[in-house]
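Here's a quick look at cysteines and charged pairs, the sort of thing you might wonder about before picking up a pipette. Have the structure open as you read.

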2 protein chains.
Amino acid sequence: MDIGFIGLGIMGAPMAGHLQAAGHRIFTKTNRNPVPEALAKAGATACASAAEVAANSDVVITMLPDTPDVEAVLFGPQGLAEGLKPGAIVIDMSSIDPIATQRFAARIKALGCDYVDAPVSGGEVGAKAASVTIMVGADAEVFDRVKPLFDLMGQNITLIGENGAGQIAKVANQIIVALNIEAVAEALVFASKAGADPERVRQALMGGFASSRILEVHGERMVKRRFDPGFRIELHQKDLGLALASARSLGLALPHTASAQQLFSGCVAAGEGGNDHSGMVRALERLAAHELG
Amino acid sequence: MDIGFIGLGIMGAPMAGHLQAAGHRIFTKTNRNPVPEALAKAGATACASAAEVAANSDVVITMLPDTPDVEAVLFGPQGLAEGLKPGAIVIDMSSIDPIATQRFAARIKALGCDYVDAPVSGGEVGAKAASVTIMVGADAEVFDRVKPLFDLMGQNITLIGENGAGQIAKVANQIIVALNIEAVAEALVFASKAGADPERVRQALMGGFASSRILEVHGERMVKRRFDPGFRIELHQKDLGLALASARSLGLALPHTASAQQLFSGCVAAGEGGNDHSGMVRALERLAAHELG
(Lines give C-alpha, C1' and ligand atoms only; values in the text may rest on other atoms or scores of the structure.)
Protein backbone atom coordinates (compact mmCIF):
# COMPACT_ATOMS: atom_id res chain seq x y z
CA MET A 1 0.00 0.00 0.00
CA ASP A 2 1.15 3.60 -0.50
CA ILE A 3 1.29 5.17 2.94
CA GLY A 4 2.01 8.76 3.89
CA PHE A 5 3.76 9.15 7.22
CA ILE A 6 4.33 12.60 8.69
CA GLY A 7 6.23 12.83 11.97
CA LEU A 8 9.32 10.61 11.82
CA GLY A 9 10.54 11.32 15.36
CA ILE A 10 11.66 8.84 18.00
CA MET A 11 8.24 7.16 17.87
CA GLY A 12 7.28 7.70 14.23
CA ALA A 13 10.52 6.54 12.61
CA PRO A 14 10.49 2.96 13.94
CA MET A 15 6.72 2.70 13.37
CA ALA A 16 7.14 3.73 9.71
CA GLY A 17 10.01 1.25 9.50
CA HIS A 18 7.71 -1.62 10.49
CA LEU A 19 5.27 -0.66 7.71
CA GLN A 20 8.12 -0.46 5.22
CA ALA A 21 9.51 -3.82 6.30
CA ALA A 22 6.11 -5.37 5.51
CA GLY A 23 6.33 -4.09 1.95
CA HIS A 24 4.43 -0.82 2.13
CA ARG A 25 5.78 2.26 0.31
CA ILE A 26 6.32 5.31 2.51
CA PHE A 27 5.85 8.94 1.41
CA THR A 28 6.85 11.66 3.82
CA LYS A 29 7.47 15.34 4.29
CA THR A 30 9.95 16.32 6.99
CA ASN A 31 10.19 19.73 8.53
CA ARG A 32 13.70 20.55 9.64
CA ASN A 33 15.40 17.17 9.57
CA PRO A 34 16.19 14.90 6.62
CA VAL A 35 14.35 11.58 6.25
CA PRO A 36 15.93 9.14 8.74
CA GLU A 37 18.64 7.18 6.97
CA ALA A 38 17.21 3.69 7.48
CA LEU A 39 13.88 4.75 5.99
CA ALA A 40 15.50 6.60 3.08
CA LYS A 41 17.69 3.60 2.29
CA ALA A 42 14.63 1.36 2.21
CA GLY A 43 13.06 3.68 -0.36
CA ALA A 44 10.99 6.25 1.53
CA THR A 45 10.08 9.16 -0.75
CA ALA A 46 10.49 12.73 0.47
CA CYS A 47 7.77 15.03 -0.85
CA ALA A 48 7.78 18.82 -1.10
CA SER A 49 4.62 19.27 0.98
CA ALA A 50 2.03 17.44 3.04
CA ALA A 51 -0.40 17.96 0.16
CA GLU A 52 1.99 16.07 -2.12
CA VAL A 53 2.28 13.27 0.46
CA ALA A 54 -1.51 13.00 0.47
CA ALA A 55 -1.69 12.99 -3.34
CA ASN A 56 0.58 9.90 -3.37
CA SER A 57 -1.07 7.92 -0.54
CA ASP A 58 -4.06 5.70 0.19
CA VAL A 59 -3.55 6.12 3.92
CA VAL A 60 -1.78 9.01 5.66
CA ILE A 61 -0.47 8.58 9.22
CA THR A 62 0.49 11.54 11.44
CA MET A 63 2.63 11.15 14.58
CA LEU A 64 3.22 14.69 15.86
CA PRO A 65 3.90 16.41 19.20
CA ASP A 66 0.70 18.34 19.88
CA THR A 67 -2.73 19.49 18.69
CA PRO A 68 -1.55 22.61 16.77
CA ASP A 69 1.05 20.52 14.90
CA VAL A 70 -1.64 18.12 13.70
CA GLU A 71 -3.96 20.98 12.77
CA ALA A 72 -1.21 22.67 10.74
CA VAL A 73 -0.29 19.48 8.86
CA LEU A 74 -3.94 18.71 8.15
CA PHE A 75 -5.37 22.11 7.33
CA GLY A 76 -2.47 24.54 6.95
CA PRO A 77 -1.25 25.82 3.56
CA GLN A 78 -0.11 22.90 1.41
CA GLY A 79 -1.59 20.65 4.13
CA LEU A 80 -2.87 17.11 3.76
CA ALA A 81 -6.45 18.29 3.22
CA GLU A 82 -5.42 19.96 -0.03
CA GLY A 83 -4.08 16.74 -1.53
CA LEU A 84 -6.13 13.85 -0.13
CA LYS A 85 -7.47 11.41 -2.69
CA PRO A 86 -11.19 10.59 -2.42
CA GLY A 87 -11.66 7.67 -0.03
CA ALA A 88 -8.25 8.13 1.58
CA ILE A 89 -7.91 7.48 5.31
CA VAL A 90 -6.14 9.86 7.70
CA ILE A 91 -4.83 8.10 10.83
CA ASP A 92 -3.64 10.43 13.58
CA MET A 93 -1.48 8.47 16.03
CA SER A 94 -0.35 11.57 17.95
CA SER A 95 -1.65 12.16 21.47
CA ILE A 96 -3.79 15.29 21.14
CA ASP A 97 -6.99 16.98 22.31
CA PRO A 98 -10.00 14.63 22.00
CA ILE A 99 -12.42 17.46 21.30
CA ALA A 100 -10.25 19.04 18.59
CA THR A 101 -9.96 15.51 17.18
CA GLN A 102 -13.73 15.29 16.75
CA ARG A 103 -13.58 18.60 14.84
CA PHE A 104 -10.68 17.44 12.64
CA ALA A 105 -12.50 14.18 11.87
CA ALA A 106 -15.64 16.01 10.78
CA ARG A 107 -13.65 18.25 8.42
CA ILE A 108 -11.76 15.31 6.86
CA LYS A 109 -14.95 13.32 6.43
CA ALA A 110 -16.55 16.32 4.70
CA LEU A 111 -13.86 15.85 2.02
CA GLY A 112 -15.13 12.32 1.30
CA CYS A 113 -12.28 10.73 3.24
CA ASP A 114 -12.12 8.83 6.54
CA TYR A 115 -10.47 9.69 9.84
CA VAL A 116 -9.07 7.47 12.58
CA ASP A 117 -7.62 8.64 15.88
CA ALA A 118 -5.20 6.03 17.18
CA PRO A 119 -2.86 7.29 19.91
CA VAL A 120 -0.39 4.83 21.36
CA SER A 121 1.08 4.01 24.73
CA GLY A 122 4.35 2.21 25.30
CA GLY A 123 7.02 4.76 24.41
CA GLU A 124 10.12 4.46 22.28
CA VAL A 125 10.76 0.91 23.45
CA GLY A 126 7.28 -0.15 22.37
CA ALA A 127 7.57 1.69 19.05
CA LYS A 128 10.81 -0.14 18.24
CA ALA A 129 9.46 -3.52 19.35
CA ALA A 130 6.14 -3.03 17.55
CA SER A 131 4.44 -3.60 20.90
CA VAL A 132 2.69 -0.27 21.57
CA THR A 133 -0.89 -0.32 22.82
CA ILE A 134 -3.17 1.38 20.28
CA MET A 135 -6.44 3.01 21.35
CA VAL A 136 -8.69 3.66 18.39
CA GLY A 137 -11.57 6.01 17.66
CA ALA A 138 -13.12 5.24 14.27
CA ASP A 139 -16.10 3.88 12.39
CA ALA A 140 -16.03 0.10 12.83
CA GLU A 141 -15.80 -0.52 9.09
CA VAL A 142 -12.83 1.86 8.72
CA PHE A 143 -11.16 0.28 11.74
CA ASP A 144 -11.34 -3.13 10.06
CA ARG A 145 -9.63 -1.73 6.97
CA VAL A 146 -6.67 -0.21 8.83
CA LYS A 147 -6.31 -2.91 11.50
CA PRO A 148 -3.68 -4.83 9.43
CA LEU A 149 -1.47 -1.71 9.54
CA PHE A 150 -1.90 -1.42 13.32
CA ASP A 151 -0.96 -5.08 13.67
CA LEU A 152 2.41 -4.23 12.11
CA MET A 153 3.08 -1.45 14.64
CA GLY A 154 1.57 -2.60 17.93
CA GLN A 155 -0.24 -5.08 20.12
CA ASN A 156 -3.35 -4.75 22.24
CA ILE A 157 -5.28 -2.80 19.61
CA THR A 158 -8.73 -1.73 20.82
CA LEU A 159 -11.53 0.05 19.00
CA ILE A 160 -12.90 2.23 21.82
CA GLY A 161 -15.65 3.98 19.88
CA GLU A 162 -16.31 6.76 17.37
CA ASN A 163 -13.81 9.51 16.45
CA GLY A 164 -12.28 11.06 19.54
CA ALA A 165 -12.69 7.92 21.64
CA GLY A 166 -9.08 6.84 21.02
CA GLN A 167 -7.80 10.20 22.28
CA ILE A 168 -10.21 10.06 25.23
CA ALA A 169 -8.81 6.65 26.22
CA LYS A 170 -5.26 7.98 25.91
CA VAL A 171 -6.05 10.93 28.17
CA ALA A 172 -7.65 8.52 30.67
CA ASN A 173 -4.47 6.43 30.51
CA GLN A 174 -2.24 9.42 31.20
CA ILE A 175 -4.44 10.51 34.12
CA ILE A 176 -4.16 7.09 35.77
CA VAL A 177 -0.42 6.79 35.14
CA ALA A 178 0.32 10.23 36.63
CA LEU A 179 -1.93 9.68 39.64
CA ASN A 180 -0.60 6.19 40.31
CA ILE A 181 2.92 7.64 40.24
CA GLU A 182 1.83 10.27 42.74
CA ALA A 183 0.21 7.58 44.92
CA VAL A 184 3.35 5.43 45.01
CA ALA A 185 5.46 8.51 45.69
CA GLU A 186 3.32 9.61 48.67
CA ALA A 187 3.37 6.10 50.11
CA LEU A 188 7.12 5.57 49.75
CA VAL A 189 8.07 9.04 51.05
CA PHE A 190 5.76 8.46 54.02
CA ALA A 191 7.22 5.01 54.73
CA SER A 192 10.79 6.21 54.43
CA LYS A 193 10.31 9.29 56.60
CA ALA A 194 8.52 7.15 59.20
CA GLY A 195 11.64 5.00 59.37
CA ALA A 196 10.83 1.94 57.24
CA ASP A 197 12.86 0.70 54.26
CA PRO A 198 10.88 1.89 51.19
CA GLU A 199 12.08 -1.02 49.07
CA ARG A 200 10.84 -3.58 51.59
CA VAL A 201 7.53 -1.78 51.81
CA ARG A 202 7.28 -1.75 48.00
CA GLN A 203 7.98 -5.48 47.85
CA ALA A 204 5.43 -6.27 50.56
CA LEU A 205 2.73 -4.29 48.79
CA MET A 206 3.26 -5.88 45.38
CA GLY A 207 1.05 -8.89 46.03
CA GLY A 208 -2.05 -7.05 47.27
CA PHE A 209 -4.60 -4.43 46.28
CA ALA A 210 -1.89 -1.75 46.03
CA SER A 211 -0.19 -3.61 43.19
CA SER A 212 0.18 -1.86 39.85
CA ARG A 213 2.57 -1.59 36.94
CA ILE A 214 3.56 1.80 38.37
CA LEU A 215 4.45 0.33 41.80
CA GLU A 216 6.47 -2.30 39.98
CA VAL A 217 8.35 -0.16 37.47
CA HIS A 218 8.25 3.45 38.67
CA GLY A 219 8.35 2.56 42.38
CA GLU A 220 11.63 0.79 41.72
CA ARG A 221 12.97 3.82 39.82
CA MET A 222 12.10 6.04 42.80
CA VAL A 223 13.90 3.78 45.25
CA LYS A 224 16.92 3.31 42.99
CA ARG A 225 17.01 7.03 42.06
CA ARG A 226 16.91 6.26 38.33
CA PHE A 227 15.25 9.29 36.79
CA ASP A 228 16.63 9.06 33.26
CA PRO A 229 13.65 8.80 30.89
CA GLY A 230 11.56 6.65 30.10
CA PHE A 231 8.83 9.25 29.65
CA ARG A 232 9.74 12.84 30.40
CA ILE A 233 7.93 14.98 32.96
CA GLU A 234 7.50 17.80 30.43
CA LEU A 235 5.67 15.43 28.05
CA HIS A 236 3.40 14.09 30.76
CA GLN A 237 2.73 17.67 31.78
CA LYS A 238 1.49 18.34 28.24
CA ASP A 239 -0.82 15.31 28.47
CA LEU A 240 -2.28 16.44 31.81
CA GLY A 241 -2.73 19.87 30.25
CA LEU A 242 -4.86 18.20 27.57
CA ALA A 243 -6.86 16.40 30.26
CA LEU A 244 -7.51 19.62 32.17
CA ALA A 245 -8.39 21.66 29.06
CA SER A 246 -10.81 18.96 27.92
CA ALA A 247 -12.27 18.66 31.41
CA ARG A 248 -12.86 22.37 31.54
CA SER A 249 -14.61 22.46 28.20
CA LEU A 250 -16.68 19.41 29.17
CA GLY A 251 -17.52 20.98 32.54
CA LEU A 252 -16.10 18.52 35.04
CA ALA A 253 -13.55 18.60 37.84
CA LEU A 254 -10.39 16.48 37.99
CA PRO A 255 -8.92 17.52 41.34
CA HIS A 256 -6.00 15.10 41.53
CA THR A 257 -5.07 15.54 37.88
CA ALA A 258 -4.86 19.28 38.50
CA SER A 259 -2.75 18.77 41.60
CA ALA A 260 -0.43 16.27 39.87
CA GLN A 261 0.07 18.82 37.10
CA GLN A 262 1.19 21.31 39.76
CA LEU A 263 3.61 18.79 41.25
CA PHE A 264 5.07 18.26 37.76
CA SER A 265 5.39 22.06 37.52
CA GLY A 266 7.32 22.01 40.77
CA CYS A 267 9.74 19.55 39.16
CA VAL A 268 10.06 21.72 36.06
CA ALA A 269 10.79 24.71 38.32
CA ALA A 270 13.60 22.69 39.88
CA GLY A 271 15.09 22.04 36.42
CA GLU A 272 13.84 18.44 36.37
CA GLY A 273 11.45 18.60 33.38
CA GLY A 274 13.69 16.21 31.45
CA ASN A 275 13.54 13.57 34.20
CA ASP A 276 11.42 10.44 33.90
CA HIS A 277 7.89 11.04 35.25
CA SER A 278 8.69 8.82 38.24
CA GLY A 279 10.78 11.85 39.28
CA MET A 280 7.53 13.41 40.54
CA VAL A 281 8.60 11.81 43.83
CA ARG A 282 11.13 14.61 44.20
CA ALA A 283 8.34 17.20 44.47
CA LEU A 284 6.94 15.23 47.41
CA GLU A 285 10.40 14.76 48.90
CA ARG A 286 10.80 18.53 48.89
CA LEU A 287 7.46 18.79 50.72
CA ALA A 288 8.87 16.37 53.29
CA ALA A 289 12.42 17.73 53.49
CA HIS A 290 13.39 14.08 53.14
CA GLU A 291 14.78 11.84 50.39
CA LEU A 292 13.97 8.15 49.99
CA GLY A 293 16.95 6.40 51.57
CA MET B 1 0.53 -23.45 72.10
CA ASP B 2 -1.69 -21.43 74.44
CA ILE B 3 -2.76 -18.34 72.51
CA GLY B 4 -4.73 -15.35 73.73
CA PHE B 5 -6.88 -13.74 71.03
CA ILE B 6 -8.70 -10.50 71.73
CA GLY B 7 -10.94 -9.11 68.99
CA LEU B 8 -13.08 -11.89 67.54
CA GLY B 9 -14.85 -9.75 64.93
CA ILE B 10 -15.37 -10.48 61.25
CA MET B 11 -11.59 -10.66 60.74
CA GLY B 12 -10.45 -12.02 64.13
CA ALA B 13 -12.92 -14.89 64.44
CA PRO B 14 -11.86 -16.80 61.31
CA MET B 15 -8.18 -16.07 62.04
CA ALA B 16 -8.49 -17.53 65.56
CA GLY B 17 -10.34 -20.46 64.02
CA HIS B 18 -7.35 -21.29 61.82
CA LEU B 19 -5.07 -21.34 64.88
CA GLN B 20 -7.51 -23.56 66.72
CA ALA B 21 -7.81 -25.93 63.77
CA ALA B 22 -4.03 -26.40 63.88
CA GLY B 23 -4.26 -27.57 67.50
CA HIS B 24 -3.59 -24.35 69.42
CA ARG B 25 -5.68 -23.54 72.52
CA ILE B 26 -7.45 -20.17 72.40
CA PHE B 27 -8.10 -17.92 75.42
CA THR B 28 -10.21 -14.84 74.91
CA LYS B 29 -12.07 -12.01 76.57
CA THR B 30 -15.00 -10.58 74.67
CA ASN B 31 -16.56 -7.21 75.34
CA ARG B 32 -20.24 -7.14 74.52
CA ASN B 33 -20.71 -10.29 72.47
CA PRO B 34 -20.36 -13.93 73.49
CA VAL B 35 -17.49 -16.02 72.11
CA PRO B 36 -18.43 -16.96 68.50
CA GLU B 37 -20.12 -20.35 68.55
CA ALA B 38 -17.68 -22.19 66.31
CA LEU B 39 -14.73 -21.14 68.46
CA ALA B 40 -16.53 -21.94 71.73
CA LYS B 41 -17.51 -25.40 70.44
CA ALA B 42 -13.88 -26.08 69.53
CA GLY B 43 -12.90 -25.30 73.13
CA ALA B 44 -12.02 -21.59 73.25
CA THR B 45 -11.88 -20.42 76.87
CA ALA B 46 -13.60 -17.15 77.87
CA CYS B 47 -11.66 -15.26 80.55
CA ALA B 48 -12.89 -12.57 82.93
CA SER B 49 -10.31 -10.00 81.82
CA ALA B 50 -7.52 -9.32 79.34
CA ALA B 51 -5.08 -9.75 82.24
CA GLU B 52 -6.44 -13.28 82.77
CA VAL B 53 -6.07 -14.01 79.06
CA ALA B 54 -2.42 -12.93 79.28
CA ALA B 55 -1.83 -15.05 82.39
CA ASN B 56 -2.91 -18.14 80.41
CA SER B 57 -1.04 -17.47 77.16
CA ASP B 58 2.42 -17.71 75.59
CA VAL B 59 1.36 -15.45 72.75
CA VAL B 60 -1.44 -12.89 72.78
CA ILE B 61 -2.94 -11.62 69.52
CA THR B 62 -5.05 -8.47 69.29
CA MET B 63 -7.31 -7.68 66.32
CA LEU B 64 -9.16 -4.50 67.22
CA PRO B 65 -10.75 -1.53 65.42
CA ASP B 66 -8.47 1.39 66.30
CA THR B 67 -5.50 2.72 68.29
CA PRO B 68 -7.43 3.56 71.50
CA ASP B 69 -8.95 0.05 71.56
CA VAL B 70 -5.51 -1.52 71.44
CA GLU B 71 -4.18 0.87 74.09
CA ALA B 72 -7.09 0.05 76.42
CA VAL B 73 -6.69 -3.72 76.03
CA LEU B 74 -2.92 -3.49 76.54
CA PHE B 75 -2.62 -0.94 79.31
CA GLY B 76 -6.12 -0.25 80.70
CA PRO B 77 -7.29 -1.63 84.08
CA GLN B 78 -7.12 -5.45 84.02
CA GLY B 79 -5.32 -5.11 80.69
CA LEU B 80 -2.90 -7.54 79.09
CA ALA B 81 0.12 -5.77 80.58
CA GLU B 82 -1.04 -6.69 84.08
CA GLY B 83 -1.05 -10.41 83.32
CA LEU B 84 1.67 -11.10 80.72
CA LYS B 85 4.03 -13.96 81.56
CA PRO B 86 7.77 -13.15 81.27
CA GLY B 87 8.89 -13.82 77.70
CA ALA B 88 5.37 -13.71 76.30
CA ILE B 89 4.83 -12.19 72.86
CA VAL B 90 2.12 -9.63 72.08
CA ILE B 91 1.13 -9.60 68.38
CA ASP B 92 -1.07 -6.69 67.35
CA MET B 93 -2.72 -7.49 64.02
CA SER B 94 -5.01 -4.44 64.11
CA SER B 95 -4.40 -1.54 61.71
CA ILE B 96 -3.39 1.31 63.99
CA ASP B 97 -1.09 4.32 64.37
CA PRO B 98 2.55 3.39 63.58
CA ILE B 99 3.96 5.93 66.03
CA ALA B 100 1.70 4.84 68.91
CA THR B 101 2.75 1.29 68.00
CA GLN B 102 6.40 2.13 68.62
CA ARG B 103 5.38 3.47 72.06
CA PHE B 104 3.30 0.38 72.88
CA ALA B 105 6.17 -1.89 71.83
CA ALA B 106 8.64 -0.08 74.09
CA ARG B 107 6.29 -0.41 77.09
CA ILE B 108 5.66 -4.13 76.47
CA LYS B 109 9.38 -4.82 76.02
CA ALA B 110 10.07 -3.01 79.30
CA LEU B 111 8.02 -5.79 80.95
CA GLY B 112 10.45 -8.43 79.66
CA CYS B 113 8.09 -9.45 76.86
CA ASP B 114 8.19 -9.07 73.07
CA TYR B 115 6.00 -7.09 70.69
CA VAL B 116 5.12 -7.66 67.05
CA ASP B 117 2.99 -5.39 64.86
CA ALA B 118 1.44 -7.41 62.07
CA PRO B 119 -1.47 -5.69 60.32
CA VAL B 120 -3.14 -7.53 57.49
CA SER B 121 -4.61 -6.72 54.12
CA GLY B 122 -7.15 -8.84 52.28
CA GLY B 123 -10.38 -8.34 54.20
CA GLU B 124 -12.97 -10.81 55.44
CA VAL B 125 -12.52 -13.02 52.38
CA GLY B 126 -8.78 -13.28 53.01
CA ALA B 127 -9.28 -13.89 56.76
CA LYS B 128 -11.61 -16.79 56.04
CA ALA B 129 -9.36 -18.25 53.33
CA ALA B 130 -6.19 -17.79 55.43
CA SER B 131 -4.81 -15.75 52.55
CA VAL B 132 -4.36 -12.29 54.08
CA THR B 133 -1.12 -10.41 53.39
CA ILE B 134 0.73 -9.81 56.69
CA MET B 135 3.13 -6.88 57.08
CA VAL B 136 5.36 -7.34 60.10
CA GLY B 137 7.36 -5.04 62.34
CA ALA B 138 9.45 -7.03 64.83
CA ASP B 139 12.91 -8.12 65.89
CA ALA B 140 14.05 -10.73 63.35
CA GLU B 141 14.46 -13.41 66.01
CA VAL B 142 10.94 -12.82 67.37
CA PHE B 143 9.55 -12.84 63.82
CA ASP B 144 11.04 -16.31 63.27
CA ARG B 145 9.32 -17.57 66.41
CA VAL B 146 5.84 -16.36 65.45
CA LYS B 147 6.09 -17.00 61.70
CA PRO B 148 4.51 -20.47 62.01
CA LEU B 149 1.40 -18.82 63.47
CA PHE B 150 1.26 -16.31 60.60
CA ASP B 151 1.56 -19.18 58.14
CA LEU B 152 -1.70 -20.55 59.53
CA MET B 153 -3.53 -17.25 59.01
CA GLY B 154 -2.10 -15.74 55.84
CA GLN B 155 0.18 -15.73 52.80
CA ASN B 156 2.72 -13.22 51.59
CA ILE B 157 4.18 -12.62 55.05
CA THR B 158 6.93 -9.98 55.02
CA LEU B 159 9.16 -8.75 57.82
CA ILE B 160 9.41 -5.05 56.92
CA GLY B 161 11.63 -3.93 59.79
CA GLU B 162 11.60 -3.05 63.49
CA ASN B 163 8.46 -2.34 65.53
CA GLY B 164 6.14 0.07 63.77
CA ALA B 165 7.34 -0.95 60.30
CA GLY B 166 4.39 -3.32 59.83
CA GLN B 167 1.94 -0.51 60.57
CA ILE B 168 3.92 1.88 58.36
CA ALA B 169 3.61 -0.57 55.45
CA LYS B 170 -0.12 -0.94 56.08
CA VAL B 171 -0.60 2.83 56.03
CA ALA B 172 1.42 2.99 52.78
CA ASN B 173 -0.85 0.28 51.37
CA GLN B 174 -4.00 2.17 52.29
CA ILE B 175 -2.62 5.40 50.77
CA ILE B 176 -1.93 3.69 47.44
CA VAL B 177 -5.27 1.86 47.38
CA ALA B 178 -7.26 5.06 48.06
CA LEU B 179 -5.30 7.12 45.55
CA ASN B 180 -5.46 4.44 42.87
CA ILE B 181 -9.23 4.31 43.36
CA GLU B 182 -9.35 8.08 42.95
CA ALA B 183 -7.18 7.85 39.82
CA VAL B 184 -9.42 5.26 38.16
CA ALA B 185 -12.50 7.26 39.15
CA GLU B 186 -11.17 10.49 37.58
CA ALA B 187 -10.20 8.68 34.40
CA LEU B 188 -13.51 6.84 33.99
CA VAL B 189 -15.69 9.85 34.81
CA PHE B 190 -13.65 11.89 32.32
CA ALA B 191 -13.95 9.23 29.61
CA SER B 192 -17.66 8.77 30.14
CA LYS B 193 -18.47 12.49 30.22
CA ALA B 194 -16.37 12.96 27.06
CA GLY B 195 -18.59 10.41 25.36
CA ALA B 196 -16.59 7.17 25.41
CA ASP B 197 -17.75 3.87 26.90
CA PRO B 198 -15.95 3.66 30.28
CA GLU B 199 -15.90 -0.14 30.23
CA ARG B 200 -14.16 -0.22 26.84
CA VAL B 201 -11.67 2.36 28.05
CA ARG B 202 -11.04 0.29 31.19
CA GLN B 203 -10.44 -2.82 29.11
CA ALA B 204 -8.10 -1.02 26.72
CA LEU B 205 -6.04 0.35 29.62
CA MET B 206 -5.63 -2.98 31.41
CA GLY B 207 -2.62 -4.11 29.39
CA GLY B 208 -0.46 -1.01 29.77
CA PHE B 209 1.16 1.22 32.36
CA ALA B 210 -2.23 2.20 33.79
CA SER B 211 -2.92 -1.38 34.85
CA SER B 212 -3.48 -2.12 38.52
CA ARG B 213 -5.50 -4.39 40.79
CA ILE B 214 -7.71 -1.35 41.45
CA LEU B 215 -8.41 -0.77 37.73
CA GLU B 216 -9.24 -4.46 37.48
CA VAL B 217 -11.44 -4.91 40.54
CA HIS B 218 -12.66 -1.49 41.64
CA GLY B 219 -12.87 -0.05 38.12
CA GLU B 220 -15.29 -2.85 37.28
CA ARG B 221 -17.33 -2.10 40.41
CA MET B 222 -17.59 1.56 39.35
CA VAL B 223 -18.78 0.66 35.86
CA LYS B 224 -21.21 -1.99 37.11
CA ARG B 225 -22.41 0.25 39.98
CA ARG B 226 -21.68 -2.44 42.59
CA PHE B 227 -20.95 -0.50 45.75
CA ASP B 228 -21.80 -3.15 48.35
CA PRO B 229 -18.65 -3.71 50.46
CA GLY B 230 -15.93 -5.05 50.08
CA PHE B 231 -14.16 -2.50 52.25
CA ARG B 232 -16.28 0.32 53.60
CA ILE B 233 -15.56 4.00 52.92
CA GLU B 234 -15.82 4.82 56.64
CA LEU B 235 -13.06 2.29 57.43
CA HIS B 236 -10.79 3.57 54.71
CA GLN B 237 -11.46 7.08 56.02
CA LYS B 238 -10.14 5.95 59.40
CA ASP B 239 -6.99 4.57 57.72
CA LEU B 240 -6.35 7.81 55.82
CA GLY B 241 -6.90 9.64 59.11
CA LEU B 242 -4.04 7.55 60.55
CA ALA B 243 -1.87 8.41 57.56
CA LEU B 244 -2.54 12.13 57.91
CA ALA B 245 -2.06 12.18 61.69
CA SER B 246 1.24 10.31 61.35
CA ALA B 247 2.33 12.57 58.48
CA ARG B 248 1.63 15.61 60.57
CA SER B 249 3.62 14.36 63.54
CA LEU B 250 6.46 13.31 61.21
CA GLY B 251 6.35 16.69 59.47
CA LEU B 252 5.55 15.79 55.87
CA ALA B 253 2.83 16.61 53.36
CA LEU B 254 0.55 14.05 51.69
CA PRO B 255 -1.52 16.28 49.40
CA HIS B 256 -3.49 13.60 47.55
CA THR B 257 -4.11 11.52 50.67
CA ALA B 258 -5.60 14.63 52.29
CA SER B 259 -7.74 15.31 49.25
CA ALA B 260 -8.90 11.69 48.98
CA GLN B 261 -9.92 11.84 52.62
CA GLN B 262 -12.09 14.87 51.77
CA LEU B 263 -13.67 13.03 48.84
CA PHE B 264 -14.50 10.16 51.21
CA SER B 265 -16.02 12.77 53.55
CA GLY B 266 -18.17 13.94 50.66
CA CYS B 267 -19.45 10.37 50.30
CA VAL B 268 -20.14 10.12 54.04
CA ALA B 269 -22.04 13.42 53.84
CA ALA B 270 -24.19 11.86 51.10
CA GLY B 271 -24.98 8.91 53.38
CA GLU B 272 -22.62 6.58 51.51
CA GLY B 273 -20.10 5.79 54.29
CA GLY B 274 -21.21 2.16 54.25
CA ASN B 275 -20.49 1.80 50.51
CA ASP B 276 -17.44 0.00 49.20
CA HIS B 277 -14.47 2.37 48.82
CA SER B 278 -14.82 2.15 45.03
CA GLY B 279 -17.89 4.33 45.70
CA MET B 280 -15.49 7.29 45.93
CA VAL B 281 -16.32 7.62 42.23
CA ARG B 282 -19.67 9.11 43.24
CA ALA B 283 -17.94 12.11 44.81
CA LEU B 284 -16.29 12.79 41.44
CA GLU B 285 -19.54 12.14 39.59
CA ARG B 286 -21.16 14.84 41.70
CA LEU B 287 -18.31 17.19 40.73
CA ALA B 288 -19.10 16.38 37.09
CA ALA B 289 -22.91 16.34 37.34
CA HIS B 290 -22.58 13.07 35.42
CA GLU B 291 -22.84 9.37 36.22
CA LEU B 292 -20.83 6.64 34.53
CA GLY B 293 -23.26 5.29 31.96
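A:Cys113 can't form a bond with another cysteine because the closest cysteine sulfur, in A:Cys47, is 17 Å from its own, which is too far. For a disulfide, the two cysteine sulfur atoms would have to be within 2.5 Å. A:Cys113 is also buried, with a relative accessible area of 4%. (Buried means under 20% relative accessible area, exposed over 50%, and partly exposed in between, using a 1.4 Å probe and protein chains only.)

Over in chain B, B:Cys47 is in no disulfide either; the nearest cysteine sulfur belongs to B:Cys113, 17 Å away. B:Cys47 is buried too, at 10% relative accessible area. Over all chains, the structure holds 0 disulfides.

A word on where this comes from: it's a predicted model, in which local features need pLDDT of at least 70 and side-chain atom pairs count only at pLDDT 80 or more, while totals for chains, interfaces and linings use all residues. Residues are numbered from 1 along each chain as its sequence is written, chains are lettered from A and ligands numbered from 1 in the order in which they are written, and side-chain values use heavy atoms, with hydrogens and water left out.

Now for the charged pairs. How many salt bridges are there over all chains? The count comes to 36, taking a salt bridge as a side-chain nitrogen of Lys or Arg within 4 Å of a carboxyl oxygen of Asp or Glu. Here are some of them:

| Pair | N to O distance | Relative accessible area |
|---|---|---|
| A:Asp58 and A:Lys85 | 3.5 Å | A:Asp58 33%, A:Lys85 31% |
| B:Lys147 and B:Asp151 | 3.1 Å | B:Lys147 27%, B:Asp151 41% |
| B:Arg225 and B:Glu291 | 3.6 Å | B:Arg225 27%, B:Glu291 47% |

What does the salt bridge between B:Arg225 and B:Glu291 tie together? B:Arg225 lies in the loop between helix H11 (213-224) and helix H12 (233-250) of chain B, and B:Glu291 in the segment after helix H14 (281-288), so the pair links parts that are 66 residues apart in sequence. (Helices, H or I with at least four residues, and strands, E with at least two, are DSSP runs numbered from the N terminus.) In chain A, salt bridges that share partners join A:Arg225, A:Glu272, A:Arg282, A:Glu285, A:Arg286 and A:Glu291 into one network.

B:Lys147 and B:Asp151 both sit in helix H8 (residues 140-153) of chain B, 4 residues apart, or about one turn of the helix.
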